[in-house]
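Visitor: Could you walk me through this one? I'd like to start with the backbone and then turn to the chains.

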Amino acid sequence: MELFLQYLANGLVTGTFYALSALGLTLILGLMRVVNFAHGELYMLGGVMGWWATTRLGLDFFSGLVLVAVVMGAFGWLVDRFLIERIRDQGEEPGILLTIGLSIFLANTALLVVGTAPLKVEAPLSAAPLILGPVVVTKLRIFAVALSAVLIVAAWLVIQKTRLGRAMRATFQDPMAARLVGVRTANVYAATFAMGTVIASLAGMLLGSIYSAQVAIGGLVSIKAFVVVILGGMGSFAGAIAGGLLLGVVEALWGGYVATGWVDIIGFAMVILTLLCRPYGLFSKRAERA
Amino acid sequence: MNIEKRILFGMMALAAVVPLVVQDQYVLHIAIMVFFFAVLASSLNLVVGYVGEFSLGHTAFLGTGAYTAAILSTQFGWPLWATIPAAGVLAALVGVVIGGLTLRLQGPFFVIVTLSFAEVMRLIADNWIGLTNGPMGIAGVPQPAFLKEAGNLAAKQFYYGIAWVLLALTLYLSYRFVNSNAGRAAVAVRENRYVAQSIGIRPLTYTMLALVLGALLSGMAGGFYAHYISFVGPEVYRFAFMASMIIMVLIGGKGTLVGPLIGALLVTFLEEYLREAKELRLSIFGLAVIAIVLFLPRGLMGFVTQRREKSGLAAPTSTTPNPTSSRRTA
């Protein structure tokens with residue numbers, strides 16, 4: 001039973017990371033209907049850039065975080081304006097193919113530049129353990145969870161409280177109507193993609209300080225993020241968080257009590273079950289439209 | 001309309017002559033891989049192009065076929081002519097199960113759930129060590145005995161022949177499906193699911209038919225792959241295979257029979273050609289994929305049919321109801 005609490009804590013920590021990693025994807029998938037296969041590579045770029053900023057440029061962690069956010073935001077904006085813009089409203093296939101091409105390009109170019117070695121992002125705290133009753137967590141993880149929570153809340157505030165956020169929600173509901181009332185949807189799409197990119201890259205940098213940033217991690221991250229997004233329902237903000245936590249906890253419990261080798265299968269089993277019972281995700285209100 | 005059929009016949013006839021002229025093993029190997037990918041791309045095209053749902057789980061069938069052939073031949077000593085059809089049948093059964101579960105979904109949901117199935121299969125192959133030998137894979141899938149004396153070139157020619165037969169079978173079945181009532185019904189579902197339902201077409205029946213046919217063909221391709229490469233590991237379920245197939249279908253032009261062939265030819269040659277560029281190879285490949293999406297959105301065949309439509313000729317995918325007469329044309 002003591003172990004149960006430990007597993008639960010581990011699961012919640014991992015779950016927070018999953019939620020943060022999936023948040024950008026759910027925004028892009030829900031609002032833009034682009035199945036972004038380059039999501040994991042954007043995450044990876046954040047990690048690699050964070051490593052570069054903290055070890056090569058000698059910045060501290062938080063300045064590095066800001067630098068990564070600015071650079072990757074601009075990158076995401078440009079990707080949308082120059083690539084995704086041109087295939088808008090053509091269904092899913094061109095988006096899938098385009099982002100697969102982008103992910104192949106980004107992953108292999110990064111491989112050429114920095115190689116396969118794991119890159120450690122300089123962490124702002126030590127990895128000393130912190131003992132809370134029966135549960136042991138490192139300080140660094142608590143810090144990462146707190147920072148993830150801050151980022152998630154910040155993203156939520158942007159969507160709920162700002163003018164841009166209102167335009168995003170309007171475009172999500174009905175792009176045509178949003179255009180009719182004067183929303184510049186092209187800018188909204190670009191801003192959404194940039195925001196998704198920023199969140200993904202910050203998650204990559206944050207987790208690069210706990211584990212390490214690796215060039216080849218992209219595919220795995222993309223797939224986990226898809227699992228979370230489907231569990232939560234596309235485009236649902238709360239759903240991404242609940243889906244991430246759910247996945248983290250179930251994986252931790254399964255790994256603790258059943259078998260570690262099969263942990264990765266759990267997420268997919270949950271996705272398949274979810275889609276069979278509630279095809280549009282656990283938390284989605286969206287219904288089928290002709 | 002029959003331009004498509006004539007092109008297919010011409011290409012296959014040309015391909016049949018190649019081993020008589022070319023004696024180079026490397027060229028034959030490339031040609032075999034082109035055939036293998038052409039079978040895969042054509043079978044994926046049945047789902048992507050004619051059902052209009054984007055399946056990312058096609059490696060599930062390829063891998064099932066490859067493992068079936070590998071296990072049947074290494075553990076039960078089945079010969080090649082029995083393992084390849086068995087691989088196809090088992091993959092088709094997997095297709096029935098996966099299709100029954102996933103074809104109720106559309107759009108991004110279908111995309112991701114099919115991807116999930118492929119990943120589940122990969123994880124099973126990775127972890128069920130008793131059956132699949134886990135990450136080590138199954139090595140030494142036996143070749144037919146008479147190839148041992150015949151030498152390398154003859155072995156290549158033998159596999160070339162099998163791959164040619166497999167591709168011919170694929171094209172024949174695809175052609176029959178596409179130009180049948182079932183195929184036209186599938187196209188009707190693709191064009192507008194609600195209208196199709198309103199005239200009495202049950203979407204699930206026809207999408208299922210296309211998916212199972214695709215699964216059968218890619219399972220046989222998987223069985224062939226197991227014997228030709230003589231090694232099967234969990235990599236067959238990897239997304240890299242899937243990405244190649246999708247790129248081939250979309251570059252060639254989905255919803256046409258010739259498109260996937262051209263796609264397989266182009267992509268396999270491009271990958272070989274880019275070997276010269278060593279590490280830069282995959283980066284360039286990624287850029288090429290992006291460029292093709294942006295500048296050839298409907299694929300090469302789409303580009304051609306667009307030109308033909310503009311000059312007043314009928315499109316090959318016209319949905320003119322002609323239920324009885326063209327059934328016998330194949």
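Guide: What follows is a short talk about backbone angles and about the contact between two chains. This is a predicted model, in which local features need pLDDT of at least 70 and side-chain atom pairs count only at pLDDT 80 or more, while totals for chains, interfaces and linings use all residues. Residues are numbered from 1 along each chain as its sequence is written, with chains lettered from A and ligands numbered from 1 in the order in which they are written.

Visitor: Where is Arg33(A) found?

Guide: Arg33(A) is in the loop between helix H1 (2-32) and helix H2 (39-56) of chain A, helices being DSSP runs of H or I with at least four residues and strands runs of E with at least two, numbered from the N terminus. Phi of Arg33(A) is positive, near 60°, in a residue other than glycine.

Visitor: And what about phi of Ser230(B)?

Guide: Ser230(B), which is not a glycine either, has a positive phi of about 60°, and its place is the loop between helix H11 (203-229) and strand S2 (231-232) of chain B.

Visitor: Changing topic, how many residues of chain A are in contact with chain B?

Guide: There are 36 residues of chain A in contact with 31 residues of chain B, where contact means C-beta atoms, placed from the backbone, within 7 Å.

Visitor: Which element gives the most on the chain A side?

Guide: H4(A) gives the most to the side of chain A that touches chain B, with 14 residues.

Technical notes. Two residues are in contact if their C-beta atoms, placed from the backbone, lie within 7 Å.
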